[in-house]
Amino acid sequence: MRKNFGAKPLSYPQPVLIIATYGEDGTPDAMNAAWGGISEMNQISICLSAGHKTVKNLLKRKAFTVSMGEASQVVACDYVGIVSGNNVADKFARAGFHATPSQTVDAPLIDELSVALECRLIDYNPETCILRGEIVNVSVDERVLDDGGNVDPAKVGPITFDPFNNTYLAIGPKVADAFSVGKQLK
């Protein structure tokens with residue numbers, strides 16, 4: 001037996017994406033979004049309504065960064081999702097975030113979040129609220145690399161949004177090797 005929930009944006013996993021921009025005066029801004037993901041080899045698509053301060057900023061600057069939410073920063077990640085930059089000018093600082101300018105795009109990297117996509121605006125459709133960005137670089141803080149120079153997910157502590165229960169979940173341990181475990185069924 002299955003329970004029907006109707007046509008709703010309910011799926012697992014939903015990312016916790018923290019989009020960061022600079023305002024007109026150079027002040028960093030950030031917001032939390034869950035409706036997004038990789039849509040081409042070097043593109044990300046995110047659903048963001050036009051009223052967000054972050055959207056206004058990225059339309060002017062033509063650039064933004066997308067950091068992955070982390071368990072160690074869940075309070076700050078949630079805060080930038082429930083408070084509007086239109087009403088709280090210093091919400092980035094109030095979240096406890098610190099910014100370092102990206103070397104590839106005109107947008108801030110969030111020092112407290114270790115994995116970031118640095119993006120140039122491709123386009124934004126205000127009718128569908130779909131934002132598309134070209135990924136020009138992926139930068140990772142060295143503190144989350146293993147001895148071989150690879151990202152250690154346990155050090156990152158990425159989180160996902162659970163839309164069924166309005167909670168954040170930690171991403172757990174490795175369960176198998178991708179592009180390999182299925183070979184046993186060949």
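Trainee: Is F5 buried, exposed or partly exposed? Which is it?

Mentor: F5 counts as partly exposed, because its relative accessibility is 40%. Keep in mind that this is a predicted model.

Trainee: Where is F5 found?

Mentor: F5 is in the segment before β1, the strand that covers 14-15.

Trainee: And which residues make the nonpolar surface patch?

Mentor: The patch is made by F5, Y12, F164 and L169, and its area is about 380 Å².

Trainee: Let's stay with the rings. How many aromatic pairs are there?

Mentor: The count comes to four aromatic pairs. In one of them, F5 and F164 have ring centres 5.5 Å apart and planes at 80 degrees, so that pair is edge-to-face. The pair links distant parts of the chain, with F5 in the segment before β1 and F164 in the loop between β11 (159-162) and β12 (167-170), 159 residues apart.

Trainee: How accessible is F164?

Mentor: F164 has a relative accessible area of 34%, so F164 is partly exposed.

Trainee: Which residues form the aromatic cluster?

Mentor: F5 and F164 form one aromatic cluster together with Y12.

Trainee: Y12 again! What is the peptide bond from Y12 to P13, cis or trans?

Mentor: That bond is cis, and omega is near -20 degrees. P13 is in the segment before β1, and F5 is found in that segment too.

Trainee: Back to backbone angles, then. What is phi of K62?

Mentor: Phi of K62 is near 65 degrees, a positive value in a residue other than glycine. K62 lies in the loop between α1 (53-61) and β6 (63-68). With a relative accessible area of 47%, K62 is partly exposed.

Trainee: And what about phi of F179?

Mentor: F179 also isn't a glycine, and its phi is positive, near 60 degrees. You'll find F179 in the segment after β12. F179 is exposed, with a relative accessible area of 82%.

Trainee: New topic: cysteines. How many disulfides does the structure hold?

Mentor: Zero.

Trainee: Why is there no bond from C129 to the closest cysteine sulfur?

Mentor: The closest cysteine sulfur to that of C129 is in C47, and at 5.2 Å the two are too far apart for a bond. A disulfide needs the two sulfur atoms within 2.5 Å.

Trainee: How far is the sulfur of C119 from the closest cysteine sulfur?

Mentor: The distance is 16 Å, again to the sulfur of C47, and that is too far for a bond.

Trainee: Are those two cysteines buried or exposed?

Mentor: C119 counts as buried, with 0% relative accessibility. C129 is buried as well, with a relative accessible area of 17%.

Trainee: Okay, helices. Which residues are buried in helix α2?

Mentor: In α2, residues 74-82, the buried ones are A76, C77, Y79 and V80. They cover an arc of only 160 degrees around the axis, which puts them on the same side of α2.

Trainee: Why would residues three or four places apart point the same way?

Mentor: An α-helix has 3.6 residues a turn, so residues with that spacing point the same way.

Trainee: Which exposed residues are on the face turned away from the buried side of α2?

Mentor: That face carries V75 and I82, and both are exposed.

Trainee: Last thing, charges. How many salt bridges are there?

Mentor: A search of the whole structure finds seven. One of them joins D90 and R94, with the closest N and O atoms 2.9 Å apart. D90 is partly exposed at 36% relative accessible area, while R94 is exposed at 57%.

Trainee: What does D123 meet in a salt bridge?

Mentor: The side chain of D123 meets that of R132, at 2.7 Å from N to O. D123 counts as partly exposed, at 32% relative accessibility, and R132 counts as partly exposed too, at 27%.

Trainee: And which residue forms a salt bridge with D177?

Mentor: K174 does, and the closest N and O atoms are 2.7 Å apart. D177 counts as partly exposed, with 44% relative accessibility. K174 is exposed, with a relative accessible area of 65%.

Note on methods: Residues numbered from 1 in each chain as written. Predicted model: local features only at pLDDT ≥ 70, side-chain atom pairs only at ≥ 80, totals over all residues. Heavy atoms only, no water. Patch = residues over 30% accessible without salt bridge, like charges linked within 9 Å, V, L, I, M, F, W, Y side chains within 5 Å. Areas by Shrake-Rupley, 256 points an atom, 1.4 Å probe, with all protein chains shown as cover. Salt bridge = Lys/Arg side-chain N within 4 Å of Asp/Glu carboxyl O. Helix = DSSP H or I, 4+ residues; strand = E, 2+ residues; numbered from the N terminus. Buried < 20%, exposed > 50% of the residue type's maximum accessible area, 1.4 Å probe, protein only. Phe/Tyr/Trp six-rings, centres within 6.5 Å; stacked < 30°, edge-to-face > 60°. Arc of directions from axis to C-beta.
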